[in-house]
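Let's walk through this structure together, one piece at a time. Have the sequence at hand as you read, and turn the model as you go.

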Amino acid sequence: MAHAQTPAPSLDLQSPAARLRTFMLIRHALDSRVVVNWAKARYFGIVGDEMTPLFGVTSVVLTQSRPMANGGYRTASYELGYFTDHEGTTAIRTFDNPYTGETVTIPEGGYPPSVVLIGSD
C-alpha cells in the first residue's frame with residue numbers, strides 16, 4: 001500500500017521571525033531541549049602552495065536554547081574537546097610546531113560555558 005507523502009514546508013526567509021526560526025533549527029532547538037553537536041577535524045598549515053598536516057581535534061558542544069519574551073533566544077553552550085595526532089588516533093599533550101620548531105603544551109579541557117543572546121532581528 002502506498003503512503004501519502006507530506007510535502008516539505010516551504011522555506012520562508014522574508015520575515016525576521018522566519019529567518020530566526022530557520023537559523024535556530026540548523027544548530028539549536030526551539031524549546032529548552034539540549035542539542036548535541038560533535039566534530040572531528042584535521043588542521044593543516046598552508047604556506048604558499050605547500051600544505052602541512054598539523055593535528056586533529058575531536059569536540060562535542062552541548063547547547064540549550066530558551067525563547068525570550070522579545071522573540072529572540074538565550075542560548076547556553078559548553079564545548080569539550082581534545083587534540084590528537086594528525087591521523088586522529090591518539091590524544092596528544094604537546095604539539096611540535098613545524099614552522100617555529102617550538103614544542104607547546106596543549107591546554108586540557110574545554111571552553112568555559114558561554115551564554116549568547118540571539119536577537120529576533
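Strand 2 and strand 3 pair in the antiparallel sense, over 12 bridges. Keep in mind that this model is predicted. To find one rung of this ladder, look for arginine 66: its bridge partner in strand 3 is arginine 74.

Zoom out a little, and these two strands turn out to belong to an open sheet of 4 strands, in the order 1-2-3-6, with antiparallel pairing. At the edges lie strand 1 and strand 6 (110-118), each of which pairs on one side only. If you look across the sheet, neighbouring strands are turned against each other by 25° on average, with direction ignored.

Now for the rings. The structure holds 3 aromatic pairs. One of them joins tyrosine 43 and phenylalanine 55, and it is stacked, with 5.1 Å centre to centre and 25° between the planes. This pair links distant parts of the chain, since tyrosine 43 sits in strand 1 and phenylalanine 55 in strand 2, 12 residues apart. Are the two partners buried or exposed? Tyrosine 43 is partly exposed, at a relative accessible area of 41%, whereas phenylalanine 55 counts as buried at 16% relative accessibility, because buried means under 20%.

Phenylalanine 55 has another ring partner: with phenylalanine 95 it forms an edge-to-face pair, 5.2 Å centre to centre and with 85° between the planes. Here too distant parts of the chain are linked, from strand 2 to phenylalanine 95 in strand 4 (residues 94-96), 40 residues apart. Phenylalanine 95 is buried, with a relative accessible area of 13%. Taken together, ring pairs link Tyr43, Phe55, Phe83 and Phe95 into a cluster.

Next, let's visit the surface. A nonpolar patch there is formed by Val34, Val36, Leu62, Tyr78 and Leu80, which together have about 420 Å² of accessible area. Strand 1 (34-47) and strand 3 (73-84) are the elements that give two or more residues to this patch. Leucine 62 has its place in strand 2 (residues 50-67). Why can leucine 62 be part of the patch? Leucine 62 is partly exposed, with a relative accessible area of 37%, so it passes the requirement of over 30% for patch residues.

Our last stop is a charged pair. The structure holds 1 salt bridge. It is formed by aspartate 31 and arginine 33, whose closest N and O atoms are 2.9 Å apart. Aspartate 31 is partly exposed, with a relative accessible area of 33%, while arginine 33 counts as exposed at 54% relative accessibility.

Technical notes. Residues numbered from 1 in each chain as written. Predicted model: local features only at pLDDT ≥ 70, side-chain atom pairs only at ≥ 80, totals over all residues. Heavy atoms only, no water. Salt bridge = Lys/Arg side-chain N within 4 Å of Asp/Glu carboxyl O. Buried < 20%, exposed > 50% of the residue type's maximum accessible area, 1.4 Å probe, protein only. Patch = residues over 30% accessible without salt bridge, like charges linked within 9 Å, V, L, I, M, F, W, Y side chains within 5 Å. Areas by Shrake-Rupley, 256 points an atom, 1.4 Å probe, with all protein chains shown as cover. Pairing = 2+ DSSP bridges. Axes fitted to C-alpha atoms, helices over the stretch in contact; angles between N-to-C directions. Phe/Tyr/Trp six-rings, centres within 6.5 Å; stacked < 30°, edge-to-face > 60°.
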